Amino acid sequence: MSHSNQFTLFSHIGGHNGWKVAFVLEELQLTYQSVYLNFRKNEQKAPEFTKYNPNGRIPAIIDHSNNDFVVWESNAIIQYIIDKYDKEHKLSIAPGTDEYYTQLQWLYFQASGQGPYFGQAVWFSVAHPEKVASALERYQKEIKRVLGVLESVLSKQEWLVGGRMTVADISFVRWNIDAATRLLENFDFEKEFPATAKWHNKLLERPAIKKVWEERARLVAQQQ
Ligand SMILES: N[C@@H](CCC(=O)N[C@@H](CS)C(=O)NCC(=O)O)C(=O)O
């Protein structure tokens with residue numbers, strides 16, 4: 001089958017992890033077509049999709065330039081993209097260096113320490129059938145704890161690794177948008193975590209990230 005775009009990206013308009021991959025693809029100017037699954041119809045659990053991702057969750061990518069190779073788990077996808085297609089290390093740290101593992105450390109921390117906890121805060125605030133104040137409080141506290149970890153580093157350096165922007169920084173953007181705008185009550189990001197807020201706003205100003213985020217806004221508006 002011939003494809004005009006290098007990648008197919010399975011994503012979701014309201015979700016988080018697909019946008020993270022789109023940010024990276026756009027930054028590297030790689031071509032992709034997004035397929036947005038409909039969670040209301042449970043399309044992420046249907047065999048047409050689980051044949052690609054047995055975990056039944058977005059994102060997943062198909063690389064049409066590599067025999068339709070499939071990868072799922074957002075940060076594994078990001079790792080695949082940079083290892084294979086960021087040979088000049090515009091957005092990543094060269095393998096074989098110590099800092100490569102610092103980059104990996106942040107990617108793991110994002111996937112295990114930020115995403116799931118911030119996600120549970122959303123679940124207990126809007127989706128859980130009962131109100132469980134203690135659970136919500138636990139996850140909201142964890143959001144601040146994770147932002148505190150970032151602040152402790154970013155108050156001393158501009159970027160997480162290598163003295164420049166990499167995928168490590170980009171991986172945090174999507175959930176931090178929600179932390180800054182809707183996950184916490186009476187929260188002043190700039191005041192409580194000034195270095196992290198500055199770093200986050202700088203990332204939002206990146207033309208590639210802006211472009212992807214504007215596309216999402218357009219799709220969200222279309223749904224309403
Ligand atoms: N650790 C996974 C998390 C994937 C994930 O939770 N995806 C959500 C949307 S952002 C999903 O597909 N949810 C639908 C479901 O759980 O059925 C990753 O980083 O790719």
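Where is the place of asparagine 67? In this predicted model, asparagine 67 sits in the loop between S3 and strand S4 (69–72).

## Two backbone oddities

Let's stay with asparagine 67 for a moment. Its phi is near 50 degrees, which is a positive value in a residue other than glycine. A second spot to look at is the link from isoleucine 58 to proline 59, where the peptide bond is cis and omega is near 0 degrees. As for where that falls, proline 59 is in the loop between helix H2 (47–50) and strand S3 (60–63).

Here's the background for both: most peptide bonds are trans, and most residues other than glycine have a negative phi.

## Around the ligand

The ligand has 14 residues around it, and the closest are Gly15, Asn17, Arg57, Ile58 and Ser74. Ile58 in that list is also the residue that starts the cis bond to proline 59.

What classes of residue make up the shell around the ligand? Sorted by class, the shell holds eight polar, four nonpolar and two charged residues.

## The two halves of the chain

The chain splits into domain 1 (7–91) and domain 2 (98–207). Taken over C-alpha atoms, the centres of domain 1 and domain 2 are 21 Å apart. Each side puts residues into the contact: 11 from domain 1 and 11 from domain 2. On the domain 1 side, helix H1 (17–27) and helix H3 (74–85) each bring at least two residues to the face that touches domain 2. H1 gives the largest share of that face, with five residues. By class, this side of domain 1 has six nonpolar, four polar and one charged residues.

UniProt has its own labels here, from an unreviewed entry. Its annotation "domain: GST N-terminal" covers residues 5–89, a span that is 32% helix and 21% strand, with its end C-alpha atoms 22 Å apart. The annotation "domain: GST C-terminal", also from an unreviewed UniProt entry, covers residues 96–223. Over residues 96–223 the chain is 77% helix and 0% strand, and the end C-alpha atoms lie 45 Å apart.

## How H4 and H5 pack

Now for a helix pair. Helix H4 (residues 98–127) packs with helix H5 (residues 133–154) at an angle of about 145 degrees, and their axes are 8 Å apart. The H4 and H5 crossing is left-handed.

Which residues in H4 meet H5? On the H4 side they are Gly113, Gln114, Tyr117, Phe118, Gln120, Ala121, Phe124 and Ser125. Their partners in H5 are Ala135, Leu136, Tyr139, Gln140, Glu142, Ile143 and Val146. Split by class, the residues of this H4 and H5 contact come out as nine nonpolar, five polar and one charged.

Terms used:
Residues numbered from 1 in each chain as written. Predicted model: local features only at pLDDT ≥ 70, side-chain atom pairs only at ≥ 80, totals over all residues. UniProt positions renumbered as here; feature names shortened; annotations may be inferred. Helix = DSSP H or I, 4+ residues; strand = E, 2+ residues; numbered from the N terminus. Near = placed C-beta within 6 Å. Nonpolar A, V, L, I, M, F, W, Y, C, P; charged D, E, K, R; others polar. Domains from an automatic or database assignment. Contact = placed C-beta atoms within 7 Å. Axes fitted to C-alpha atoms, helices over the stretch in contact; angles between N-to-C directions. Left-handed = near helix turned anticlockwise from the far one by under 90°.
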